[in-house]
Every structure is written in structure tokens, then in C-alpha cells.
Amino acid sequence: MTQMPILAPEAFQRRLLDWFDVHGRHDLPWQQERTPYRVWVSEIMLQQTQVATVIPYFERFMARFPNVQALAASDQDAVLHLWTGLGYYARGRNLHEAARRVVAEHGGELPVHSLEALAALPGIGRSTAGAIIAQSTGRRAVILDGNVKRSLARLHAVEGWPGRTAVARELWALAEHYTPRERLVDYTQAMMDFGATLCRRGRPECQRCPFADVCIAHARGEERRFPESKPRKALPTRTTRMLLLRDAEGRVLLEQRPPSGLWGGLWSLPQFEDAAALRAWLDVHAPGAELDACWTPFTHVFSHFRLEVTPQPATIDRLGSVGEARRWYDPDAPDRIGLAAPVKALLSRLATFTLENPPSP
């Protein structure tokens with residue numbers, strides 16, 4: 001059943017913007033020069049990542065890639081190197097590919113004139129496209145990111161998981177109803193700030209909320225029930241052996257992951273299903289390698305599974321050609337390449353080599 005709006009658009013906008021003028025965020029780095037490019041990069045980084053985490057990554061990224069042409073002309077390793085630690089690496093790959101398409105197909109200018117053209121670029125969906133247009137041009141465009149979904153779902157007690165088509169359609173209708181035609185830059189930022197700082201997921205501050213008197217979830221005392229979570233499934237556990245093969249110079253063998261999938265495009269340690277598979281690979285590619293005792297296993301959690309990693313150190317005096325998509329990496333003079341976060345943690349512990357078991361990352 002479609003929920004009726006709790007307020008007329010003008011009343012909703014007035015309450016929200018009055019709150020934003022006093023309590024909103026007005027000095028974020030990407031707000032200082034609101035070009036489509038800077039807004040786009042910030043919006044991609046902010047997907048599933050908090051503002052405080054994003055700020056230093058954004059500033060380093062802008063220093064290295066100040067415009068879409070610089071980003072398009074770079075190689076993927078340079079992009080993923082600056083993305084290392086930010087997580088959800090497909091965002092970085094998509095950003096790079098989208099930049100190349102912007103240069104090749106749109107004359108080096110983000111197509112902010114068209115929601116459809118913008119949303120057709122890799123990594124940019126309907127809500128992100130709306131945010132880029134509203135924030136960089138001031139034109140009316142509707143957003144529905146996670147913060148907005150949560151706020152609207154609570155205000156109207158919208159039943160169901162927002163990932164379901166019918167629920168998403170209902171939330172989009174509410175977002176459309178409330179979006180103004182003026183002060184779009186402030187309004188979109190206000191909606192995001194409201195959800196991120198006040199109508200938070202775990203502890204909403206209802207006593208300070210400008211909508212506390214009309215919020216249906218609050219009236220019911222059910223703020224934490226909305227929005228409904230995705231039906232949970234038990235996370236399966238996978239296991240892997242990561243080979244830390246060092247040569248006589250202390251360098252570590254890395255290989256590049258396939259373009260898509262787990263850690264796509266990043267450099268990682270060679271991985272194997274079990275010890276037998278690892279030894280079989282060494283017999284073929286690194287005969288004469290000597291295995292040391294395994295390091296303490298650790299678990300890295302992804303959104304859809306848990307990966308139990310057992311680091312297996314090994315040494316070899318000399319190795320011939322390492323083949324395609326492999327390279328030697330010196331922990332004491334790190335290359336500027338994209339590394340999976342747990343791999344980076346392991347390599348950092350080799351900067352000063354020790355035979356002792358290091359603590360798990």
C-alpha cells in the first residue's frame with residue numbers, strides 16, 4: 001500500500017533546510033569547488049563509506065587526478081593504489097572506466113545535462129546520477145541513497161526491505177514528492193546529512209529531529225525497525241592459502257587478480273585452495289622453494305562470505321621468469337600499485353623481515 005506523504009512538500013523542505021542551515025555540513029572538501037568531476041568522485045567514494053573515512057582519500061585522489069582527463073589517462077594500477085584501504089574496489093575500477101568513456105564519448109565533460117546518459121556510465125546509478133546533477137548544477141534531480149531510504153522509511157513507516165522493487169518504488173515516489181525546485185544543492189546535502197548524522201541506523205537522535213512530531217516510526221516507538229533489513233543468510237566460509245614467496249633479495253612475488261570478481265584488478269599474493277595445490281604450483285613454477293611454518297590464520301569478511309586466510313611463507317634463492325601478470329614486490333620500497341587490504345597488511349609486516357609469526361592483520 002502506498003504511504004501518504006506526512007507533510008506538504010513546502011513544509012517538509014522548510015523544516016529540513018532550517019535544520020540544515022544550522023546543523024548541516026558546509027565545509028566538506030568537495031563542497032569547496034563543486035565541479036561535476038569532483039562531485040562525481042566524492043559520490044562514488046561515499047557509497048557505503050563514511051565521510052570521515054572518505055575525506056583523506058578524496059584529497060589524495062584529487063591531488064593525483066585533478067580532472068577527468070588525468071584520470072582517464074592513468075592506468076588502473078595507479079587508480080587502485082590510491083583506492084587501497086577504501087574497500088569495494090569495483091568502485092575504483094568503474095570510476096576509471098567511466099572516465100575513459102567520458103573522454104571518448106562525451107568530449108571530456110560529464111554528461112550532467114542528462115540523467116539517463118550519466119546513469120549509463122559504469123558505477124553511476126539513478127540516485128548517484130541525481131546527486132551529481134543536483135550538487136554540481138543546482139538543477140532538480142531526485143536522490144535515494146541509503147540515508148534517504150532510511151529517513152523516508154522511518155518517517156512513513158514503510159514496510160518491507162528497500163531492495164524489493166515495490167518498496168523501492170514507494171520510496172522513490174516519496175523522494176520525488178518532497179524534492180524542491182530551488183536550493184537543490186542544499187536540499188540534497190541536507191537529506192544526506194540528516195540520515196548520516198541524525199536519523200542514523202543504530203541510534204537515531206529523535207529528540208533533536210525536526211520531524212519528531214510527525215514521524216510514524218517514532219510515534220510507534222519502532223524507529224529501529226525501519227527500514228527493514230535484507231533477509232539474512234548465514235555467511236558461508238571459504239578458505240585459502242596465500243603464498244608469501246620471497247627471493248634472496250627479500251622481494252615478494254605478487255600476481256594480479258582477474259579484472260572482475262574478488263579483488264578484481266588488484267595485486268595479491270598467489271592463492272590456493274589448500275596446501276597440496278600450493279605445493280603443486282611451487283613444484284612447477286618455483287622448484288627448490290623452501291616452505292616455512294604457516295603464519296596464524298585470520299578471517300576477512302566480505303558482504304557475502306567469510307574468507308579464512310592462512311599465510312604460507314616460503315623462500316627461494318632465485319627464480320627465472322615470473323610469467324605474465326606477476327611481479328616482484330619490495331616491502332622496503334613499495335610500488336604504487338593497488339593492493340587488497342589484507343595483502344597490504346601482510347606485506348607491511350615484511351618490511352623488516354622476521355622468522356617469527358607476526359600477529360594476524
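This is a short talk on the cores, empty spaces and a few unusual residues of one protein model.

Good morning, everyone. A word of caution to begin with. The model is predicted.

Let's start with the nonpolar cores. The largest one has 62 residues. Which residues have the most contacts inside it? They are Trp40 and Phe61. Take Phe61. Leaving aside neighbours within four places in sequence, Phe61 is in contact with Tyr37, Val41, Met45, Leu71, Val79, Leu82, Trp83 and Leu95. Apart from that core lies another, of 36 residues. Its members include Val142, Ala153, Cys209 and Phe226. Keep Cys209 and Phe226 in mind. Both come back.

Now, empty space. How do we look for it? Rolling a probe the size of a water molecule over the atoms shows where empty space is left. A search of the whole structure finds 2 cavities of 30 Å³ or more.

Here is the largest cavity. It holds about 90 Å³ of space. In total, 14 residues line it. Closest to its centre are Arg154, Cys199, Cys206, Cys209 and Cys215. There is Cys209 again, from the core of 36 residues. Which elements give two or more residues to this lining? Helix 10, residues 146–156, and helix 12 do. Helix 10 gives the most, with 3 residues. By class, the lining has 9 nonpolar, 2 polar and 3 charged residues.

Let's zoom in on one of those cysteines, Cys215. It sits in the loop between helix 12 (184–198) and helix 13 (216–220). Is Cys215 buried or exposed? Its relative accessible area is 10%, so it is buried; the cut-off for buried is under 20%. What does Cys215 touch? Beyond its neighbours within four places in sequence, it is in contact with Arg154 and Leu155. Look at Leu155 on your screens. In sequence, Cys215 and Leu155 are 60 residues apart. In space, their C-alpha atoms are 4.3 Å apart.

Next, the second largest cavity. It holds about 60 Å³. Its lining includes Val142, Leu152, Tyr178 and Met191. Helix 10, helix 11 (165–178) and helix 12 each supply at least two residues. The lining divides into 10 nonpolar, 2 polar and no charged residues.

On to a pocket. The second largest pocket has a volume of about 230 Å³. It is lined by 15 residues. Nearest its centre lie His81, Tyr329, Pro334, Leu339 and Lys344. Helix 4 (51–64), helix 6 (76–83) and helix 15 (341–348) each give two or more residues to this lining. The largest share, 3 residues, comes from helix 15. The classes here are 9 nonpolar, 3 polar and 3 charged.

Stay with helix 15. Which of its residues are buried? They are Pro342, Val343, Leu346 and Leu347. Now look down the axis. The buried residues fall within an arc of 135°, so they line one face of the helix. Here is the general background. An α-helix has 3.6 residues a turn, so residues three or four places apart point the same way. What covers that buried set? The cover includes strand 1 (237–246), strand 2 (252–256), strand 3 (267–268), strand 6 (298–301), strand 7 and strand 8 (326–329).

Pick strand 7 from that list. It spans residues 306–315, and Thr310 is in it. Thr310 has 13% relative accessibility, so it counts as buried. Not counting residues up to four places away in sequence, it touches Thr240, Arg241, Met242, Cys294, Trp295 and Pro297.

Last topic: backbone geometry. Most residues other than glycine have a negative phi, and most peptide bonds are trans. Three places here deserve a look.

Where is the cis bond? It joins Phe226 and Pro227, with omega about -10°. Phe226 belongs to the core of 36 residues. Pro227 is in the loop between helix 13 and strand 1.

Then come two positive phi values. Tyr88 has phi near 50°. It lies in the loop between helix 6 and helix 7 (90–105). Trp263 has a phi of about 55°. It lies in the loop between strand 2 and strand 3. What about burial? At 43% relative accessibility, Tyr88 counts as partly exposed. Trp263, at 5%, counts as buried.

That's the tour. Thanks for listening.

Definitions and conventions. Residues numbered from 1 in each chain as written. Predicted model: local features only at pLDDT ≥ 70, side-chain atom pairs only at ≥ 80, totals over all residues. Heavy atoms only, no water. Helix = DSSP H or I, 4+ residues; strand = E, 2+ residues; numbered from the N terminus. Buried < 20%, exposed > 50% of the residue type's maximum accessible area, 1.4 Å probe, protein only. Contact = heavy atoms within 4.5 Å. 1 Å grid on protein atoms, 1.4 Å probe; cavity = no way out; pocket = protein on both sides within 12 Å on 5 of 7 lines; lining within 4 Å. Points joined across faces, edges and corners; volume = space filled by probe spheres on them. Nonpolar A, V, L, I, M, F, W, Y, C, P; charged D, E, K, R; others polar. Arc of directions from axis to C-beta. Core = buried A, V, L, I, M, F, W, Y, C linked by side-chain atoms within 4.5 Å.
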